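Student: Could you go through this model with me and show how its terms are defined?
Tutor: Happily; let us begin with the surface.

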Amino acid sequence: MRDQFPDFRLGNVLATSFTATLTERHGNAVERIPTPQRLVDWLAVNGLAVDSCTTAQLELARELRESIHAVATATALQDTLPASAVQILNDCSIQGRAAAILTPEGNRQWRLGSESCVEDALSVIAADAISIIAGERDGKLALCASPTCQAAFFDTSQSRTRKWCDMNTCGNRQKKARFKASHRKTGTGTRTDAT
């Protein structure tokens with residue numbers, strides 16, 4: 001049954017990976033967490049395993065996702081942060097019970113308690129978003145150059161000039177479109193059938 005759902009877009013930044021559970025926001029939107037179980041699956045893949053999720057918790061997760069997207073977009077555009085979205089981020093951040101632990105490799109990892117629920121996982125995602133938006137991490141928020149996507153992503157490239165949220169999807173799609181357009185313009189690439 002899970003095969004019928006679109007793949008998750010996983011990245012290195014928890015908060016922006018979470019906003020990527022809704023893609024193509026300005027085109028034919030693709031919802032990647034359409035059911036409570038699919039949110040449970042996404043959380044597990046991202047190291048935030050919970051046992052179950054209700055419809056109300058899924059709605060809360062989507063509300064957080066859209067708030068992160070709104071605040072990240074405003075940050076990328078250097079606009080005023082939307083107060084209602086900031087409030088949702090703050091509310092989600094303080095409601096959870098999660099602890100940061102240090103792995104043997106020297107990385108931070110989040111640990112949820114044995115009785116953890118979706119709200120605990122959402123608090124970790126909100127805290128990650130706050131860390132990025134507050135400028136505590138090395139990188140900058142940017143918006144995908146794809147007109148149908150415009151996802152907020154965290155650019156950690158050396159030059160901070162990355163254009164696409166994901167080169168394998170949006171970047172390749174734009175490169176193909178430019179290639180086709182240039183070949184149409186020059187007449188190369190047109191097919192001729194032999195008779």
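Tutor: The protein exposes about 11,300 Å², and carbon and sulfur atoms supply 50% of it. This is a predicted model, where local features need pLDDT of at least 70, side-chain atom pairs count only at pLDDT 80 or more, and totals for chains, interfaces and linings use all residues. Residues are numbered from 1 along each chain as its sequence is written, and side-chain values use heavy atoms, with hydrogens and water left out.

Student: What makes that area "accessible"?
Tutor: The Shrake-Rupley method with a 1.4 Å probe gives accessible areas.

Student: How do you know which residues are buried?
Tutor: Buried means under 20% relative accessible area, with a 1.4 Å probe and protein chains only. Of the 195 residues in the protein, 39% are buried.

Student: Why is the empty space called a cavity?
Tutor: On a 1 Å grid over the protein atoms alone, a cavity is a set of points where a 1.4 Å probe fits but cannot get out, so that is the test applied. The structure holds one cavity of 30 Å³ or more, and the largest has a volume of about 30 Å³.

Student: What makes a residue part of the lining?
Tutor: Lining residues have an atom within 4 Å of a point. Those of the largest cavity are Ala 15, Thr 16, Ile 68, Ala 72, Ala 129, Ile 132, Ile 133 and Leu 141. Helix H5 gives the most, with three residues.

Key: Buried < 20%, exposed > 50% of the residue type's maximum accessible area, 1.4 Å probe, protein only. 1 Å grid on protein atoms, 1.4 Å probe; cavity = no way out; pocket = protein on both sides within 12 Å on 5 of 7 lines; lining within 4 Å. Points joined across faces, edges and corners; volume = space filled by probe spheres on them. Helix = DSSP H or I, 4+ residues; strand = E, 2+ residues; numbered from the N terminus.
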